Amino acid sequence: MSRKNPRWLSLLGPCGTGKTHLAKAIWTAWKKNVRDHTRNRYGITESLDGKWIYWPKAADRIRGGEYGLVPALERADLVVMDDIGGEYDPSGFVTGQLNRLANQRLGKWTIWTSNLSMDQIASNLDNRIADRLIRSGSSVVEIAATSYSVREYFGGEKNN
C-alpha cells in the first residue's frame, strides 16, 4: 500500500453479505505487503502500524476508561474499523469519539464496515461521520444482497 494519496473504503450493507470477509482479505494482503517491504537500506526494519478493531468492542473499552485507544487509532498507518454503528451508545459519547477518529483519519488509509446504509449512518450516528466517509477520493460500496446464511438456509437466493 503506497503512502501517497490514501483512500478510505467503506463497505456498507446488511449483515452476512461479506463486508468483514472482504475487509479481512485486504487486511491480510496489507500485512503480507508490510512484512515483505519493511526493510530499509540500512537493514533497519521500519514498523508500519496497522490496527484492526471491532468497533462495538472498542466502544466498550472507551466507555470503560481506555481513552488512549482513539489516539492510537488516529496515528496508525492503516485502520480497519469493523461494524461501526453496531455499538450501544445512548449518551452519544462513543459516537463523539468515532467522529473525532474519523476527522483525524482523513488522509490516512482507512476501511470501515457497517450494517447501516449511508442514510442510516447520517441519522443514527452523526451526519459528520457520513460526510467523512465520502470525502476526497473515498469509495463507498453499498451492498444490496441477501445474507449468505439466509441464502444457505433457504437453499438459494431469497429476496428481502
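# Notebook: strand β3 and its surroundings

**Entry 1, strand β3.** I began with β3, which is mostly covered, with 5 of its 5 residues buried. I was looking at a predicted model, so I checked confidence later, in a separate entry. I asked which residues of β3 lie on each side. Leu78, Val80 and Asp82 sit on one side, Val79 and Met81 sit on the other, and all are buried, which leaves both faces covered.

**Entry 2, pairing of β3.** I then looked up the partners of this strand. Strand β2, residues 50–54, pairs with β3 in the parallel sense over 5 bridges. β4 also pairs with β3 in the parallel sense, over 4 bridges. I followed Met81 across to both partners. Ile53 stands opposite Met81, and in β4 the bridge partner of Met81 is Trp112.

**Entry 3, the loop before β3.** I noted Asp77, which lies in the loop between α3 and β3. Is Asp77 buried or partly exposed? Its relative accessibility is 27%, so I list Asp77 as partly exposed. I also took its distance to Lys51: the two C-alpha atoms are 8.2 Å apart in space, while the residues are 26 apart in sequence.

**Entry 4, the loop after β3.** Asp83 is found in the loop between β3 and α4. I checked its backbone and found phi near 70°, a positive value in a residue other than glycine. Most residues other than glycine have a negative phi. Asp83 counts as buried because its relative accessibility is 14%, and the cut-off is under 20%.

**Entry 5, the nonpolar cores.** I went on to the largest nonpolar core, which has 26 residues. Which of its members touch the most other members? They are Trp55, Leu73, Met81, Ile84, Leu98, Trp112 and Ile121. Several elements each supply at least two residues of this core: β1 (8–12), α2 (55–63), α3 (69–75), β3 (78–82), α4, α5 (118–125) and α6 (127–133). I also found a second, separate core of 9 residues, which includes Leu9, Trp27, Leu78 and Val80. Two of those names, Leu78 and Val80, I had already written down on one side of β3, whereas Met81 is on the other side and belongs to the largest core.

**Entry 6, Trp55.** I listed what Trp55 contacts, leaving aside its neighbours within four places in sequence. The list includes Ile62 and Leu73. It also holds Met81, Asp82, Asp83, Ile84, Gly85 and Glu87. Val94, Leu98 and Leu101 complete it.

**Entry 7, helix α4.** I measured nothing by hand here and read the computed span. Helix α4, residues 93–105, has 13 residues and reaches 18 Å from its first C-alpha to its last, close to the 18 Å expected at 1.5 Å a residue. The buried residues in α4 are Val94, Thr95, Gln97, Leu98, Asn99, Leu101, Ala102 and Arg105. Polar names stand in that list, so I picked Asn99 for a closer look. Asn99 is in helix α4 and is buried, with a relative accessible area of 7%. Not counting residues up to four places away in sequence, Asn99 touches Arg128 and Ile129. After α4 comes Gly107, whose phi is positive, near 85°.

**Entry 8, Arg132.** I looked at helix α6 next, where Arg132 is found. Why does Arg132 count as buried? Its relative accessibility is 10%, and so Arg132 falls under the 20% cut-off. Beyond its neighbours within four places in sequence, Arg132 is in contact with Trp8, Ala102, Asn103, Leu106 and Ser138. Of these, Ala102 is on my list of buried residues in α4.

**Entry 9, the whole chain.** I closed with the totals. The protein chain has 7 helices and 5 strands, and from the N terminus on the elements run β-α-β-α-α-β-α-β-α-α-β-α. Buried residues make up 38% of its 160 residues. The accessible surface comes to about 9200 Å², with 50% belonging to carbon and sulfur atoms. Among contacts between residues at least 6 apart in sequence, 76% join residues at least 24 apart.

**Entry 10, confidence.** The chain averages a pLDDT of 85, and 84% of the residues score at least 70. Which elements have the lowest and the highest mean pLDDT? Helix α7 (residues 148–153) has the lowest, 72, and strand β4 (residues 109–114) has the highest, 95.

Key
Residues are numbered from 1 along each chain as its sequence is written. This is a predicted model: local features need pLDDT of at least 70, side-chain atom pairs count only at pLDDT 80 or more; totals for chains, interfaces and linings use all residues. Side-chain values use heavy atoms; hydrogens and water are left out. pLDDT is the predictor's confidence in each residue, from 0 to 100. The expected span of a helix is 1.5 Å times one less than its number of residues. Buried means under 20% relative accessible area, exposed over 50%, partly exposed in between (1.4 Å probe, protein chains only). Contact means heavy atoms within 4.5 Å. Accessible areas come from the Shrake-Rupley method with a 1.4 Å probe; for residues, only the protein chains shown count as cover. A nonpolar core is a set of buried Ala, Val, Leu, Ile, Met, Phe, Trp, Tyr and Cys residues joined through side-chain atoms within 4.5 Å. Two strands pair if DSSP finds at least two bridges between them.
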